[in-house]
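The following report describes the fold of a single chain, moving from its strand pairing to its overall composition and confidence.

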Amino acid sequence: MKRRTFFSIMLSSVPLFLGIKEVKSAENKPQKISLSDAQWKQKLTNEQYKVLRKEGTEKPFSSPLNDEKRKGIYACAGCDLPLFNSTAKYNSGTGWPSFYETIVNAIETKKDFKLVIPRKEYHCARCGGHQGHVFNDGPKPTGKRYCNNGVALKFVPEKTN
């Protein structure tokens with residue numbers, strides 16, 4: 001292997017070791033929106049503001065979305081970006097709406113050290129609103145559990161004809 005090839009492979013893998021996610025093209029990514037803190041406070045309820053903008057957590061079993069069984073889309077309560085399809089929802093028993101996969105390009109992740117042990121936190125890719133955490137104890141086919149604050153979501157039922 002040539003030295004140049006070796007160094008280029010090593011340099012390209014540095015972001016993976018640092019926990020930096022892969023940089024993708026702007027294609028098919030939602031356009032970012034940004035509001036002032038005052039605008040968010042005006043737009044959101046107090047509980048939504050606490051979760052979406054301050055990375056809070058709602059009480060388990062407090063969301064009516066836990067029991068939602070209709071077909072439809074779960075969108076960000078802050079900006080209406082579709083995040084999950086109802087077909088990916090399941091009952092995890094945790095007290096928060098849970099999904100095993102997201103809509104493509106709908107979320108962005110980062111490491112969270114608030115409980116000392118690192119967790120993967122995810123946010124809406126458009127407005128940056130905190131949604132919840134993703135764990136590796138979900139069902140097939142992905143094995144993921146996107147544990148979402150219900151107050152951070154808005155359910156949009158599928159239209160029936």
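Which residue in E8 does Gly132 stand opposite? In this predicted model, where local features need pLDDT of at least 70, side-chain atom pairs count only at pLDDT 80 or more and totals for chains, interfaces and linings use all residues, the residue opposite Gly132 is Asn148 in E8. Residues are numbered from 1 along each chain as its sequence is written, and side-chain values use heavy atoms, with hydrogens and water left out.

Strand E7 (residues 130–135) and strand E8 (residues 145–148) run antiparallel and are joined by four bridges; two strands are said to pair if DSSP finds at least two bridges between them. They belong to an open sheet of six strands in the order E3-E4-E8-E7-E6-E5, with antiparallel pairing. The edges of that sheet are strand E3 (89–90) and strand E5 (107–112), each of which pairs on one side only.

Another open sheet, of three strands, has the order E2-E1-E9, and here too the pairing is antiparallel. Its edge strands are E2 (82–85) and E9 (153–157), each pairing on one side only. From one strand to the next the twist averages 30 degrees, where axes are lines fitted to C-alpha atoms (for helices over the stretch in contact) and angles run from 0 to 180 degrees between N-to-C directions. Strand E1 (residues 72–76) runs antiparallel to E9, to which five bridges join it, and Ile73 has Val156 in E9 as its bridge partner.

Taken along the chain, the elements run α-α-α-β-β-β-β-β-β-β-β-β from the N terminus on, which comes to three helices and nine strands; helices (H or I, at least four residues) and strands (E, at least two) are DSSP runs, numbered from the N terminus.

The values for the chain are collected below.

| Property | Value |
|---|---|
| Buried residues (under 20% relative accessible area, 1.4 Å probe, protein chains only) | 36% of the 161 residues |
| Contacts (heavy atoms within 4.5 Å) with a separation of 6 or more that join residues 24 or more positions apart | 55% |
| Accessible surface (Shrake-Rupley method, 1.4 Å probe) | about 10,700 Å², 56% of it from carbon and sulfur atoms |
| Mean pLDDT (the predictor's confidence in each residue, from 0 to 100) | 85, with 81% of residues at 70 or more |

Confidence is not uniform, however: over residues 1–25 pLDDT stays under 50, and for these residues the model has seven contacts beyond four places in sequence.

Technical notes
Buried < 20%, exposed > 50% of the residue type's maximum accessible area, 1.4 Å probe, protein only.
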